[in-house]
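Student: Could we go through this structure together? I would like to begin with how its elements are assigned.

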Amino acid sequence: MDNDSVFYSDRAGPTNPLLDQLPSYQSLLYRRKPAHGGSSKRRSSSRTSGSGRWGGAAAAVALREEKTPPLQRPVRELPRTMAEKRRDREQRLEQDRELSSWRQRRRSLHRSLRRLRADLQERLSALVLWRGDIHLIEGMFGTGILSYFSFLRFLVLLNLVIFLLMFSFVMLPIIIAPHAGGNVTFNQADGSVCSVYPTSARRGLVIFHEHITDLLSGGGFLEQTYLFYGYYKVHAISFPGFTYNLPLAYLLVTVAYLCLSLVWIVQRSATGFKRNLVQDEDRFQSFCNKIFAGWDCCITNENAASLKRSSLLYELKTDLEEERIKQKIADRSRKERCRIYAIRLILNVFVIAVLAACFYSIYRATIFSQKAQTDKVNFMRDLVYEYLPSIVITLANFITPLLFSVIINFEDYSPAFEIRFTLMRCVFMRLTSIGVLLFSLWSQITQCKEEPCLCGYNHQLYSCWETRVGQEMYKLTVFDFIIIAAVTIFVEFPRKLMVNYCGCGLMKWWGQQEFAIPQNVLEIVYGQTICWIGTFYCPLLPAICTIKYFFIFYIKKVSLVNNCRPATRPFRASSSNFFFLVVLLIGLALASLPVMVGVGQINCSQACGPFVNYTVSWEVLPRSVDLLPNKALRHLLFVLASEAVAVSLFVITCVGMFYVIALAGAHKRVINQLREQLVMEGRDKRFLIQKLCQAQRLTPARPPAPGPGGGPQPLARGGRDGSAGSRSSWGSPSYHTSFSTNHSDAVFLANAPPHGSTHV
């Protein structure tokens, strides 16, 4: 409905001077005033035409609403007292008796189905993973920390679904083939040097610590198991009636779990994106939201309530500090701006140098580790060489956030931007370090002493390079879990003991470990990115990550309840899953790149895996299409995979994206208009209160004259055509008030507006 039509009457005639004086109406006239006069003509025409149009539409809507019976909510869901609910229920029963037998049966069936659905939802909600634990955390620490554990539960379910995909379409056919009469066809070695795959299994007497090394590194007895890519050296499985193409299934499942992760993350982040899109940008309304609606009513713990109070105070101080910094930025001279920009440039160059040094260290550690693994010296040294890239990455991820938090203090940003910028740097460091590790591996895989490589890859050092990449991802996953558990046991718990039982001032100043939500989220996003990359090379890695996150949930819960305290300086986005899912989406995008490069660019190993008979893994898809018996279907699939369809799809996607952007911009403008309308309504209320006070001061207090029937005479009556019924001595309409005990009654005007105009 047009917002302007609210001020117009259905027909031309005498107007109400009080409504014409409203600030919202005056502002509307100012916005609609033409450049060269004629405002009164436009106003009168708008009053006659615009109102009629919208009046007709409103009448049509009212007529439709009369024809459509309203849906009745269940009595227990109505916000009323028990007596009113009982009375409402009796009225509904009386109405049901007046209905026909068919309508009574239909309404009874509808109620039964609604009760059944409510019961099913209640029983299914009881089966939700960690329902009681999450409610306990929510009650003790509020919804901010709850969002982290809910995000962790989402990753557990996501990895479980990915594992079920890999197990159902890759492992299960191989397992059930001997029991279902299937004939497994393995890829046979052609006798060349490229097809030689020396086993790493230990022979003879094996010492116990060697089993531990194999378990932590993924080598030895684990290398030739379902855990890694090299075990699936199956070309096809012939079941009675059909042939199962395992290489095609392996590739399609890889595409499926990446697409499933993308759709699931986008679906979960849609709600947060809508909330972020309409997020209030007005600082005044932000203050109102924090003061009147900022309290978390789920908190039941006294310490958590005190921390929430400190959190709100911190956010208010941060808002005031941001306003002060904005004013300071506006008042800066050119010399001060040049100085600050020079300092930021120098510090960002230093940050780039630190990141480059970390990436180079990871690169050198990976190359050294790969070369040193060929020579076995002793248990501890071999274990350090195996985990050297993981150790360097962990040290870089530990040192750089501390360095970034110190550097950001000298760049003179606002407090909110400081946190976001530091987190973006940490995200870049954590996720890019995995890319550097893979780049270091692939530089060793694709380089040979004699160029070009005989097999398309370095078969002497990596006879099955996919298994080696899977082992690196496996080691990163295991080491990440070990670090999280070790920090909880050997750092946070002793710190809690020292703070509680050591009375020195240094320990009291140090305090307990803060449960920093963004840093904890970055840890699990880093682990999930490793899982996405390694699933193609290590099909059981999603199951390992599911178990890993399952234990991390209880480790973090115990640490939060016993060792840590919530952060007194919270990250604002930590109360919403939108920030977590955006970082997870970045991790998925970065994880997809190495998988696509490994599938479509690097030559497959000729000694292991399901793609022995193909040059690259992607080649199995066009070959499988060529083998289809239906020629029309083959032609259709090739057309869908052609460049013309890809370009057309890209153009359609761009048009759809521009449409969505334009729609979002229109919604943004509507939101701004609604905000302005709310402000205008506040000014109108203030104006009406002022008029009410003036009327109370100017109107003498006198008892009403008796009417014809002995009752009190009305203060004023409007004419049949809406004209004023009484005028005061100074020639303006007199505004009388009527007060009632009912809170819904408003100010009543003696001079009523014409029929069809807006009542305020």
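Tutor: Helices here are DSSP runs of H or I with at least four residues, numbered from the N terminus. Please keep in mind that this is a predicted model.

Student: Where does Leu593 sit, then?

Tutor: Leu593 belongs to helix 19. Together with Val582, Ile586, Leu590 and Met596, Leu593 makes a nonpolar surface patch of about 410 Å².

Student: Is Leu593 buried, partly exposed or exposed, and why?

Tutor: Leu593 counts as partly exposed because its relative accessibility is 49%.

Student: Now the interior. Which residues touch the most other members of the largest nonpolar core?

Tutor: They are Tyr148, Phe151, Trp465, Trp532, Leu584 and Phe611, in a core of 118 residues. Helix 6 supplies the largest share of this core, with 18 residues.

Student: What does Tyr148 contact beyond its sequence neighbours?

Tutor: Setting aside residues within four places in sequence, the contacts of Tyr148 include Phe515, Ile517, Asn520, Val521, Ile524 and Lys556.

Student: And Lys556, what is its salt-bridge partner?

Tutor: The side chain of Lys556 meets that of Glu523 at 3.7 Å, N to O. This pair links distant parts of the chain, with Lys556 in helix 18 and Glu523 in helix 17, 33 residues apart.

Student: Why are the two classed as they are, buried or partly exposed?

Tutor: Lys556 has 6% relative accessibility and therefore counts as buried. Glu523, at 22%, counts as partly exposed, because the buried class ends under 20%.

Student: How many salt bridges are there in the structure?

Tutor: The structure holds seven. One of them joins the side chains of Glu386 and Lys475 at 2.9 Å, N to O. Glu386 lies in helix 12 and Lys475 in helix 15, 89 residues apart, and both residues are buried.

Student: Any other pair worth a look?

Tutor: Arg623 and Glu619 form a salt bridge through their side chains at 2.7 Å, N to O. Arg623 is partly exposed, with a relative accessible area of 36%. Shared partners also join Glu386, Glu472 and Lys475 into one salt-bridge network.

Student: Changing topic to loops: where is Trp130, and what is its phi?

Tutor: Trp130 lies in the loop between helix 5 and helix 6. Its phi is near 60°, a positive value in a residue other than glycine. Trp130 counts as buried because its relative accessibility is 6%.

Student: Last one: where is Ser617, and what does it touch?

Tutor: Ser617 is in the loop between helix 19 and helix 20. Not counting residues up to four places away in sequence, Ser617 touches Leu251, Phe536, Gly598, Val599, Cys604 and Phe611. Ser617 is buried, with a relative accessible area of 2%.

Key: Residues are numbered from 1 along each chain as its sequence is written. This is a predicted model: local features need pLDDT of at least 70, side-chain atom pairs count only at pLDDT 80 or more; totals for chains, interfaces and linings use all residues. Side-chain values use heavy atoms; hydrogens and water are left out. Helices (H or I, at least four residues) and strands (E, at least two) are DSSP runs, numbered from the N terminus. Buried means under 20% relative accessible area, exposed over 50%, partly exposed in between (1.4 Å probe, protein chains only). Contact means heavy atoms within 4.5 Å. A nonpolar core is a set of buried Ala, Val, Leu, Ile, Met, Phe, Trp, Tyr and Cys residues joined through side-chain atoms within 4.5 Å. Patches are made of residues with over 30% relative accessible area and no salt bridge: like charges are joined within 9 Å, nonpolar side chains (Val, Leu, Ile, Met, Phe, Trp, Tyr) within 5 Å. Accessible areas come from the Shrake-Rupley method with a 1.4 Å probe; for residues, only the protein chains shown count as cover. A salt bridge is a side-chain nitrogen of Lys or Arg within 4 Å of a carboxyl oxygen of Asp or Glu.
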